[in-house]
Amino acid sequence: MWGKQRQRFNKKILNNEFNPCMSDLTIGDYAYLICRGGWPLSLIGDKEAALEQAFSYYEIN
């Protein structure tokens, strides 16, 4: 399923069929979303817990 959707999306971008849009998100919001990632449990709950979940996947020496 996702493969076909990705192919259609890529085809639209290559054919300049992408429609830009505006967002109310701030740069801080985008930074949070990138750091949070798409871990399933990070999509619900508070921001601190979501970030902690993402950081727990990396070992820092």
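**Figure 1. A nonpolar patch on the surface.** Leu25, Tyr30, Leu33 and Ile34 come together here as a nonpolar surface patch of about 390 Å². Keep in mind that this is a predicted model. Let's pick out one member of the patch: Leu25 sits in the loop between helix 1 (2–14) and helix 2 (27–36). Its relative accessibility is 40%, so Leu25 counts as partly exposed.

**Figure 2. The whole chain, for orientation.** Step back for a moment and you'll find three helices and zero strands in the protein chain. Starting at the N terminus, the order is simply α-α-α. How much of the protein chain is buried? Buried residues account for 11% of its 61 residues. The accessible surface of the protein chain adds up to about 6000 Å², and carbon and sulfur atoms hold 61% of that.

**Figure 3. The two sides of helix 3.** Zoom in on helix 3, which covers residues 47–55, and look for its buried residues: Ala50, Leu51, Gln53 and Ala54. Viewed down the axis of helix 3, these buried residues fall within an arc of 155°, so they line one face of the helix. There's a simple bit of geometry to remember here: an α-helix has 3.6 residues a turn, so residues three or four places apart point the same way. What do the buried residues of helix 3 pack against? Their packing partner is helix 2. Now turn to the face directed away from that buried side, where you'll meet the exposed residues Glu48 and Glu52.

**Figure 4. A contact at the start of helix 3.** Here's a detail that's easy to miss. Where helix 3 begins, Asp46 reaches out with a side-chain oxygen, which comes to within 3.4 Å of the backbone nitrogen of Glu48. Glu48 is also one of the exposed residues on the face of helix 3 turned away from its buried side.

**Figure 5. Cys35 of helix 2 and its partners in helix 3.** Cys35 belongs to helix 2. Is Cys35 buried or partly exposed? With a relative accessible area of 43%, Cys35 is partly exposed. Setting aside residues up to four places away in sequence, Cys35 touches Leu51 and Ala54. Both Leu51 and Ala54 are among the buried residues of helix 3. Along the chain, Cys35 and Ala54 are 19 residues apart, yet 7.3 Å separates their C-alpha atoms.

**Figure 6. Arg36, a buried residue of helix 2.** Next stop is Arg36, also found in helix 2. Arg36 has a relative accessibility of 15%, so it counts as buried, since the cut-off for that label is under 20%. From the C-alpha atom of Arg36 to that of Glu52 is 8.4 Å, although their positions lie 16 residues apart in the chain count. You can also trace a line from Arg36 to Phe55: these two are 19 residues apart in sequence and 8.5 Å apart in space, C-alpha to C-alpha. Phe55 is part of helix 3, and its relative accessibility of 48% makes it partly exposed.

**Figure 7. Lys12 in helix 1.** Last, a quick visit to helix 1, the home of Lys12. Lys12 is partly exposed, at a relative accessible area of 46%. Which residues is Lys12 in contact with, once neighbours within four places in sequence are left aside? They are Glu17 and Phe18.

Methods: Residues are numbered from 1 along each chain as its sequence is written. This is a predicted model: local features need pLDDT of at least 70, side-chain atom pairs count only at pLDDT 80 or more; totals for chains, interfaces and linings use all residues. Side-chain values use heavy atoms; hydrogens and water are left out. Helices (H or I, at least four residues) and strands (E, at least two) are DSSP runs, numbered from the N terminus. Buried means under 20% relative accessible area, exposed over 50%, partly exposed in between (1.4 Å probe, protein chains only). Accessible areas come from the Shrake-Rupley method with a 1.4 Å probe; for residues, only the protein chains shown count as cover. Patches are made of residues with over 30% relative accessible area and no salt bridge: like charges are joined within 9 Å, nonpolar side chains (Val, Leu, Ile, Met, Phe, Trp, Tyr) within 5 Å. A salt bridge is a side-chain nitrogen of Lys or Arg within 4 Å of a carboxyl oxygen of Asp or Glu. The arc is that of the directions from the helix axis to the C-beta atoms. Contact means heavy atoms within 4.5 Å. A polar contact is a pair of N or O atoms within 3.5 Å; within protein, one must be able to donate a hydrogen and the other to accept it, and residues adjacent in sequence count only if both atoms are side-chain atoms.
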